[in-house]
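Hello,

Here is the structure I promised to pass on to you. Have a look at it first, and then read on for what turned up in it.

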Amino acid sequence: MNKEKISGADALMRSLKEEGVDLIFGYPGGASLHIYDALFNQQAVQHILVRHEQGAVHAADGYARSSGKPGVVFVTSGPGATNAITGIATAHMDSTPIVVISGQVKRHLIGTDSFQETDMIGISRPIVKYSFLVQKAEDIPLTIKKAFHIATTGRPGPVVIDIPKDVTDPDYEFEYSYPQELDIRSYKPVKEGHLGQIRKAVKLILKAEKPVIYTGGGVIQNNASEELIELVNLLNFPVTNTLMGLGAYPGTGSKFLGMLGMHGTYEANMAMHNCDLILAVGARFDDRITNDPAKFALNAKKIHIDIDPASLSKIIKVDVPIVGSAKICLYQLIKELKRKISKIDKEKINPWLQQIASWRKLHGLNHNLLETVPSTKKILPQQVIQSLYKETNGNAYITSDVGQHQMFAAQYYFFDKPRQWINSGGLGTMGFGLPAAMGVQLAFPKATVACITGEGSIQMCIQELSTCLQYDLPIKIINVNNSSLGMVKQWQDMQYEGRLSQSTYEDSLPDFVKLAESYGHIGIKVEKPEELKNAMNECFNLKNKLVFLDVIVDREEHVYPMLEAGMSMQDMWLDKKTKTWE
Ligand SMILES: Cc1ncc(C[n+]2csc(CCOP(=O)(O)OP(=O)(O)O)c2C)c(N)n1
């Protein structure tokens, strides 16, 4: 077969097409001009021009989280590359598969402090799953093949490919072919759980009287929700999800305890603290869950399924570690349990389920605040989420930013499906919500996409409102406006006697309605509780428009429950005056 001669830049575009890429988020510059010219000369891949590289990476991340396909980013060298760093770190902490292709200065200029030179490989090293500095055009196809394989398999994560400008020079051509097979000897993630370990896990499961299934983002990433639901139905065990895991088990499901951890529900945290068995799947026992690891679930046996061997017994020592993919290991567990079906006694855990129900009755979240809090008061942030949930029938894709509004969203919107809830859990990146929503809307043009944000977070990537206009993205922005950096203020209220150091803005906030309008969108402001329902309705009825709903809420509201730092999972603040310990 005659091989065609093409340039490195054209080879890059061809290789991306081979990987099924149809969308790229990016921003051009000197070092990536050859690449952008190759992009211009092809039709297969659409490019979304963002307004800041951070937005490009979050958008690719939102695209990846919602669609399950890897997100792709183009940035230029120097400031383009460094602007992408927060986005890469965000994807790294939440294990999202993205491939970031950065332009680099010409090879002979590397190391000379040349114009717009920065050591992208060095800077990004601790926050990528892997990175490549491409040395010659001929290496591009195999590098792309490897990058997509590494980003999407095992524990997914971001991969950076840094390409010096002369490597993509149109005057240098080589014989292009795309590798069909790939074999990386040093990288072979284990998918199937060890059968002996699965059997040990089954033994513990059959013995348990007070079990909890605790799952995280791994179940969503690995498309293992169906298996999780089947397992729950088989055993009748209660389930709690991390912030990253919401939607893996239906939020309205009868066995669901709500989110656990720092702002988890009372019943989920009490169940974790008092259980006799934890089955952890695709979750990593991070500090927002365990509180003090030395006081964590002391009477529980622990089974931990995770694709990443480094996560096992990293923070909490577990009794049965199982390395493997969540989907396959859950399937293996179900299969083994079915072989022992006569030994499954669903009734045995009834007293435990009753105990959990009584915890919920005692201090569970009030999901009827819209109906029960008088409309003479200020709007509560929780009511905004409840109103949004009602208006969208629970069917929207929800992205969020970081702060109190994020926690209220996690607590009060019931996510029934995986990939419906998209937020920065690990890094907690303010500015994530809007560009992530762009990625979701582009992945699912007909879907309803809402971004729950705060007036602090939205201003971190507000420039993407312009991108939304260019590409007609009818995102609904729900700004839970408490005119303060609410989560910071909450900690200052609780731990610094209310000294609000740099967490308020005096009267310097923009008029968000006018701001939205100046970007060509629609803005609606709501201040009174009785206006909320209609405004929400108007917002979502404007189907083809981006609407910025600026909801002025009670700034004194705190997020509860809240774990008391350094204590156990049962030590929670339940409101401003009530705590569960002495
Ligand atoms: C980029 C970044 N800077 C700082 C923080 C620390 N931080 C966490 S929450 C928060 C306040 C967020 O305010 P806002 O977006 O208005 O949301 P609210 O908490 O008021 O709902 C801050 C500053 C962060 N998470 N991300």
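In which strand is Asn241 found? Asn241 belongs to β10, a strand that covers residues 239-241. Before going further, please keep in mind that this is a predicted model.

Since you are new to the structure, Asn241 is a good place to begin. Its relative accessibility is 0%, so Asn241 counts as buried. The side chain of Asn241 makes a polar contact of 2.9 Å with the side chain of Thr215. Setting aside residues up to four places away in sequence, Asn241 touches Thr215, Leu246, Gly247, Ala248, Tyr249, Phe256, Gly258, Met259 and Leu260.

From there you can move on to helix α11, which spans residues 266-274. Eight of its nine residues are buried, so α11 is largely enclosed by the rest of the structure. The buried residues of α11 are Tyr266, Glu267, Ala268, Asn269, Met270, Ala271, Met272 and His273.

Next comes the ligand. There are 17 residues around the ligand, and those that come nearest are Gln404, Gly428, Ser457, Asn482 and Gly486. By class, the shell around the ligand holds six nonpolar residues, ten polar ones and one charged one. Two helices, α17 (404-412) and α20 (486-495), each supply at least two residues of that shell. The largest share, three residues, comes from α20.

Several backbone atoms lie opposite polar atoms of the ligand, and these are worth zooming in on:

- Gln404 has a backbone N or O atom 2.8 Å from an oxygen atom of the ligand.
- Gly428 has a backbone N or O atom 2.8 Å from a nitrogen atom of the ligand.
- Gly456 has a polar backbone atom 3.0 Å from an oxygen atom of the ligand.

Taken alone, the ligand exposes 590 Å², and the protein buries 76% of that.

Gly428 also leads us to another residue, Ser424. You will find Ser424 in the loop between β16 (421-422) and α18 (433-443). With a relative accessibility of 1%, Ser424 counts as buried, because buried means under 20%. The side chain of Ser424 reaches two backbone nitrogens: that of Gly428 at 3.0 Å, and that of Thr429 at 2.8 Å. So far as the ligand is concerned, Gly428 is one of the residues that come nearest. Leaving aside neighbours within four places in sequence, Ser424 is in contact with Thr90, Asp94, Val402, Gln406, Thr429 and Phe432.

Last, the cysteines. How many disulfides does the structure hold? The number is zero. Cys451 is in no disulfide, and the nearest cysteine sulfur to its own is that of Cys468, 9.3 Å away. Why is there no bond from Cys468 to Cys451? At 9.3 Å the two sulfurs are too far apart for a bond, because a disulfide needs sulfur atoms within 2.5 Å. Both residues are buried: Cys451 has a relative accessible area of 0%, while Cys468 has a relative accessibility of 1%.

If you would like a short route through the model, start at Asn241 in β10, go on to the enclosed helix α11, and then visit the ligand with Gln404 and Gly428 among the residues that come nearest. You can finish with Ser424 in its loop and the pair Cys451 and Cys468.

Happy exploring, and best wishes

Technical notes: Residues are numbered from 1 along each chain as its sequence is written. This is a predicted model: local features need pLDDT of at least 70, side-chain atom pairs count only at pLDDT 80 or more; totals for chains, interfaces and linings use all residues. Side-chain values use heavy atoms; hydrogens and water are left out. A residue is near a molecule or strand if one of its heavy atoms lies within 4 Å of it. A polar contact is a pair of N or O atoms within 3.5 Å; within protein, one must be able to donate a hydrogen and the other to accept it, and residues adjacent in sequence count only if both atoms are side-chain atoms. Accessible areas come from the Shrake-Rupley method with a 1.4 Å probe; for residues, only the protein chains shown count as cover. Helices (H or I, at least four residues) and strands (E, at least two) are DSSP runs, numbered from the N terminus. Ala, Val, Leu, Ile, Met, Phe, Trp, Tyr, Cys and Pro count as nonpolar, Asp, Glu, Lys and Arg as charged, and the others, Gly among them, as polar. Buried means under 20% relative accessible area, exposed over 50%, partly exposed in between (1.4 Å probe, protein chains only). Contact means heavy atoms within 4.5 Å.
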